[in-house]
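Please examine the sequence and the three-dimensional structure shown here before reading the briefing.

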Amino acid sequence: MESIDAIRILGIDPGLQSTGFGVIDKRGSKLSYVASGCIRTNEREPLPQRLGVVFDSIREVIAKYAPHQAAIEEVFLNKNPWSTLLLGQARGAAIAAMTTAGLPVAEYGTMQIKKAVVGQGRATKDQVSHMVVRLLTLGGVPQSDAADALACAICHAHTGHGFGIATPAGGRRRGGRVLPPGAKPRR
């Protein structure tokens, strides 16, 4: 990073087949693109190996880009309970990778991310992608999962969580609150 006042944020859009990641820098109110991509797993491999790929790949992204904070999309309930369970396990592997790397992790719901990026919680995927391109002045539209991960990072940047505020190591943020390690969120 070029400036000491920049905060680097890793955004994650979890998935078992494809986990999107996006890395941005925030300097004051300016956001800039650093990197994005998708981590793909082989559906023919057993579940533990696929989760290991998600974990290891996110650790590699963290080692390469050295983010200060991380944000991840929460699990939404799917019509298929098995799909929801698999998504939750991929999300758990991603969170474990980030927390074992010492990153504070914020969690955001889909509607919260859409509202922060587009201005309304019921925005379409195309609207989110368009605003990601616009906010980060990208030359093209990133892959869908990568765009969603960048949107998650942008949401975190727009909420102002952690900027100028010390975050307890291993703490996590949920719905605008900083939760110390081991705290149970209220539902």
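The points below treat model confidence, the nonpolar cores, one helix and one strand residue in turn.

This is a predicted model, and its chain has an average pLDDT of 86. A score of at least 70 is reached by 82% of the residues. The largest nonpolar core holds 24 residues, and a second, separate core holds 23.

**Confidence**

- Confidence is highest in helix H1 (residues 47-65), at a mean of 98, and lowest in strand S7 (residues 177-179), where the mean is 44.
- The pLDDT falls below 50 over residues 163-181; in the model this stretch nevertheless has 46 contacts beyond near neighbours in sequence.

**Nonpolar cores**

- In the largest nonpolar core, the residues that touch the most other members are Leu10, Ile12, Phe21, Ile58, Ile72 and Met98.
- At least two residues of this core come from each of strand S1 (7-13), strand S2 (18-27), strand S3 (30-40), H1, strand S4 (69-73) and helix H2 (81-100).
- H2 supplies the largest share of this core, with 7 residues.
- Apart from neighbours within four places in sequence, Ile58 contacts Leu10, Ile12, Thr19, Ile39, Ala94, Ala97 and Met98.
- Among the members of the second core are Ala123, Leu150, Ala151 and Ile154.
- In soluble globular proteins, nonpolar side chains tend to be buried together.

**Helix H1**

- At 1.5 Å a residue, a span of 27 Å is expected for the 19 residues of H1, and this agrees with the 27 Å that separates its end C-alpha atoms.
- Buried positions in H1 are Arg50, Leu51, Val54, Ser57, Ile58, Val61, Ile62 and Tyr65.
- These buried residues lie on the same side of H1, because they cover an arc of only 140 degrees around the axis.
- Pro48, Glu60, Ala63 and Lys64 are exposed on the other side of H1.
- The packing partners of the buried H1 residues are S1, S2, S3 and H2.
- Ala66, just after H1, adopts a positive phi of about 50 degrees.

**Ser32 in strand S3**

- Ser32 belongs to strand S3.
- Leaving aside neighbours within four places in sequence, Ser32 makes contact with Ile24, Asp25, Arg27 and Leu136.
- Ser32 and Ile154 are 122 residues apart along the chain, and their C-alpha atoms are separated by 9.8 Å. Ile154 is one of the residues of the second core.

Key:
Residues are numbered from 1 along each chain as its sequence is written. This is a predicted model: local features need pLDDT of at least 70, side-chain atom pairs count only at pLDDT 80 or more; totals for chains, interfaces and linings use all residues. Side-chain values use heavy atoms; hydrogens and water are left out. pLDDT is the predictor's confidence in each residue, from 0 to 100. Helices (H or I, at least four residues) and strands (E, at least two) are DSSP runs, numbered from the N terminus. Contact means heavy atoms within 4.5 Å. A nonpolar core is a set of buried Ala, Val, Leu, Ile, Met, Phe, Trp, Tyr and Cys residues joined through side-chain atoms within 4.5 Å. Buried means under 20% relative accessible area, exposed over 50%, partly exposed in between (1.4 Å probe, protein chains only). The expected span of a helix is 1.5 Å times one less than its number of residues. The arc is that of the directions from the helix axis to the C-beta atoms.
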